[in-house]
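Colleague: I have a predicted model open on my screen and would love a guided close look at one part of it. Could you walk me through it slowly, as you would at the bench?

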Amino acid sequence: MGAVEKSRKDVLPAGSWDYASSLEGRDIVSFEERYGLFIGGEQVSPRSRSWFTTVSPSTEEPLAEVAQAGAKDVALAVGAAQEAFAPWSSWRPAERAKVLFRIARILQERARELAVAESLDGGKPIKESRDVDLPLAAAHFFYYAGWADKLEYAFPGRRPRPIGVAAQIVPWNFPLLMLAWKIAPALACGNTVVLKPAETTPLTALLFADVCRQAEVPPGVVNIVTGDGSTGAHLVRSEGIGKVAFTGSTEVGKAIQRELAGRDISLTLELGGKAANIVFEDCALDQAVEGIVNGIYFNQGHVCCAGSRLLVQESIHDQLVRKLKRRMSTLRVGDPLDKNTDVGAINSKAQLDRITELVQAGTDEGAELYQPPCRLPEKGWWFAPTVFTNVAQSHRIAQEEIFGPVLSVLTFRTPDEAVEKANNTMYGLSAGIWTEKGSRILWMADRLRAGVVWGNTFNRFDPASPFGGYKESGFGREGGRHGLEAYLRFE
Amino acid sequence: MSQTLALPRALELPGGGRLPRLGAVDAVALEARAGELAKRSIKRESKVFALELAIRMMDLTTLEGADTPGKVKAMSAKAMHPDPGDPSVPSVAAVCVYPSLVSVARRALRGSGVKVASVATAFPSGQAPLDVKLADVRAAVDAGADEIDMVIDRGAFLSGRVGHVYEEVVAVKEACGDAHLKVILETGELGTYDAVRKASLVAIAGGADFIKTSTGKVSPAATLPVTLCMLEVIRDVHDETGLAIGMKPAGGIRTAKQAIQYLCVLHETLGPDWLTPDLFRFGASSLLNDVLLQLRKQRTGIYRSPDEFTID
């Protein structure tokens, strides 16, 4: 056909169809030069007199100076929270609910600003902070606002009471969302909090302090102390706290648990993971590929429940891996503020080093590495989406949490073998099952020792659904009615 | 014919004597992926490229009981020169008409390179005896149609007579001779993405050059997820057999923005090789003017009045 041949010629060479960059404006957020600590409803300078700089991992550009809270600062914050506890916990629960509703509404109103701040400070793509982090953070406040005056119904006959001051330490992968997971249920139950954001991502927590002011949260109910690990250690050691909630690495989680041994302080830990994403031969293959990609490359793989071990039935291994590699080649790595970016920057130099070290170990141990061709920006910290095939259960990359965009592919032959391999890890946070057979999903879910099991999907979160781990992935549940229990004592 | 039916070519996986795999589609994840791709932001040069491509891929269509030679002539003029004020705007790929108007379109388009496509096989229902359908096809081809858009017998498909559907496609393909065959699945009547996948494979196995979503007479017509579903079939067939099948979403695509979303889905699913009118078409009647309007906006920075664009 003549016209067809002509049009063939008109087709531009591969690569000419490219999305022009489409940057989310960063003017909407203005950071102060320096942020003090948020204690008793005021921004105060640290007694420690020391400060550190938080930088954007995608450009290494300094964003703001942040206070490094020392022992005295932490004590002040805990004191403010203690002082605020008696009045706050005796508020009418419906009035507490109103405060939470206001926070949720303000998070929605300021969503674009907070999303841009999150992407700047943490490196995650704007499409994720915009479509996942912010909507979910607001949803958590809405959800727990609803529970505030219904605690008697959540635990009939058990007379739930607030605990007191909750010390909360959150990680850098979902800074504002993890803050919401921690603060919303704590306040709904009538506790006051001292929250420590991660060292590399303090800015949205500090903007949240302003949200608290807008929402008329009483002074001292929410306190925010920034700093490195030593600040967290001071917080955990503090007199006057009644509860510790920590999300982060298993190593630090263990240290906290040792620290709290013998003290009357309740503890919940949400730690690492090495989730199995289990793909059966009868699954919807193209959608499974999407799920695998979402499971491991979402948020650069900085997700404790990431599906970092792909267990694929041997009969479809080659076909699946071919599809997966092709899909990986369409992932767009780059500027987190570009709306077309799928994979952003690695959160910190330290994390990049750890990923690089483990990937080297994978190659050394004989696994086969694949990375799609992609240009990484010059400045900042980046790691190309990576998949390892020919991985054995004994390889480090199949055992250790990499916390980066690195997938290890293993095979299985039968459902029993899939369960055995999936459970053969020290972790137990999440798992995914891909099959068109509903009964098999239920059969597998019964046998998998993981806190969350997804069927034909991955990395789905909802405030009504409890989340938490088995084994070294921690204990306690966040979200849902279960999430209330961690912030209550029962008379 | 009935012997090949047991394992139609495209349904068969090569190597190792494995059983053919139909494959399944997960509706929730498919729709989520389509929704995600619809959010891709296309700006500036990419947008101009996409808009021009959309014009070159368009099957400008009129399929009304009220169609007349006058209407078809006017539409053909528009097809050749979509924007008389701007000669750099390319022609569309084809005009699509009923068989009785093929000769009119043929004459109007002579020498232009714009193809004549004709619906056939008792369009839109497909509810006629096979002889009648084949006569319909031959009449259109004899009148000068370059491309035939057939409909599958959904009644047969939904009652489980998949072999019947397959045999009809094979017969129509034969009747087409040199004309290209597009097979309309009428996805709005098939009910599930699994059925769409199966029907796509049957059509391709039967000899379709293109698979097409809809007649435009049934709602829903083309949607982004159903198009993605069919593109994934095309991708699987290409992986397994090397055959490059074309895709034509039709019906309900009215805005330039929608057209660009389809092109994003196409590009991210099948890559740059499919960004050509011989492997992708839009079946549309009112889409063209919105694309022209947007193209003019990209070039001049100003939204012109719709009255500046002809309505043929």
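Colleague: Let's start with chain A and work outward from there: what percentage of the 491 residues in chain A do buried residues make up?

Modeller: Happy to, and please keep in mind throughout that this is a predicted model. Buried residues make up 57% of the 491 residues in chain A. Secondary structure in chain A comes to 17 helices and 20 strands. Its radius of gyration is 23 Å, close to the 23 Å that the globule rule gives for 491 residues, so chain A is as compact as a globular protein of that length. If you turn chain A along its principal axes, its C-alpha atoms fill a box of roughly 80 × 50 × 45 Å. Sequence separation adds another view: of the contacts in chain A with a separation of 6 or more, 73% are accounted for by residues 24 or more positions apart.

Now zoom in on a pair of helices in chain A. Helix H4 of chain A covers residues 111-122, and helix H8 of chain A covers residues 203-214. A packed pair like this is described by the angle between the two axes and the distance between them. Here the angle is about 155° and the axes are 9 Å apart. Angles over 145 degrees count as roughly antiparallel, and H4(A) and H8(A) are therefore roughly antiparallel to each other. To find the contact on your screen, pick out Leu114(A), Ala117(A), Glu118(A) and Asp121(A) on H4(A), then Leu203(A), Thr204(A) and Leu207(A) on H8(A). Sorted by class, this contact has 4 nonpolar, 1 polar and 2 charged residues.

Another spot in chain A deserves a stop: Gln300(A), in the loop between helix H11 (285-297) and strand E13 (309-313) of chain A. Phi of Gln300(A) is near 55°, a positive value in a residue other than glycine. Gln300(A) is also buried, with 33 other C-beta atoms within 10 Å; the cut-off for calling a residue buried is 20 or more.

From here we can move outward to the neighbouring chain. On the chain A side, 31 residues are in contact with 29 residues of chain B. Helix H2 (27-37), helix H3 (44-56) and helix H11 (256-270) of chain B each supply at least two residues of the side that touches chain A. The largest share of that side, 5 residues, comes from H3(B). By class, the side of chain B that touches chain A has 10 nonpolar, 6 polar and 13 charged residues.

Chain B itself has 12 helices and 8 strands. The radius of gyration of chain B is 19 Å, close to the 20 Å that the globule rule gives for 312 residues, so chain B is as compact as a globular protein of that length. Its C-alpha trace spans about 60 × 45 × 30 Å along its principal axes, and buried residues make up 55% of its 312 residues. Among contacts in chain B between residues at least 6 apart in sequence, 74% join residues at least 24 apart.

Next, the sheet of chain B. It is an open sheet of 8 strands in the order E7-E6-E5-E4-E3-E2-E1-E8, with parallel pairing. Strand E7 (246-248) and strand E8 (282-284) of chain B stand at the edges with a single partner strand each, so one side of each is left without a neighbour in the sheet. From one strand to the next, the twist averages 25°. For a closer view, take strand E4 (residues 147-151) and strand E5 (residues 180-184) of chain B, which pair in the parallel sense over 5 bridges. One place to look is Met150(B), whose bridge partner in E5(B) is Val183(B).

Let's finish in the loops of chain B. Between strand E3 (115-119) and helix H6 (130-142) of chain B lies a loop that holds Pro124(B). A cis peptide bond joins Phe123(B) and Pro124(B), with omega about 0°. Thr121(B) also lies in the loop between E3 and H6 of chain B. Phi of Thr121(B) is near 60°, which is positive in a residue other than glycine, and Thr121(B) counts as buried, with 29 C-beta neighbours inside 10 Å. Further along, Pro220(B) is found in the loop between strand E6 (210-212) and helix H10 (224-241) of chain B. The peptide bond from Ser219(B) to Pro220(B) is cis, with omega near 0°.

Methods:
Residues numbered from 1 in each chain as written. Chains lettered and ligands numbered in written order. Predicted model: local features only at pLDDT ≥ 70, side-chain atom pairs only at ≥ 80, totals over all residues. Contact = placed C-beta atoms within 7 Å. Helix = DSSP H or I, 4+ residues; strand = E, 2+ residues; numbered from the N terminus. Nonpolar A, V, L, I, M, F, W, Y, C, P; charged D, E, K, R; others polar. Axes fitted to C-alpha atoms, helices over the stretch in contact; angles between N-to-C directions. Parallel < 35°, antiparallel > 145°, perpendicular 65-115°, else oblique. Pairing = 2+ DSSP bridges. Rg over C-alpha atoms; globule rule 2.2 N^0.38 Å. Buried ≥ 20, exposed ≤ 12 C-beta atoms within 10 Å, placed from the backbone.
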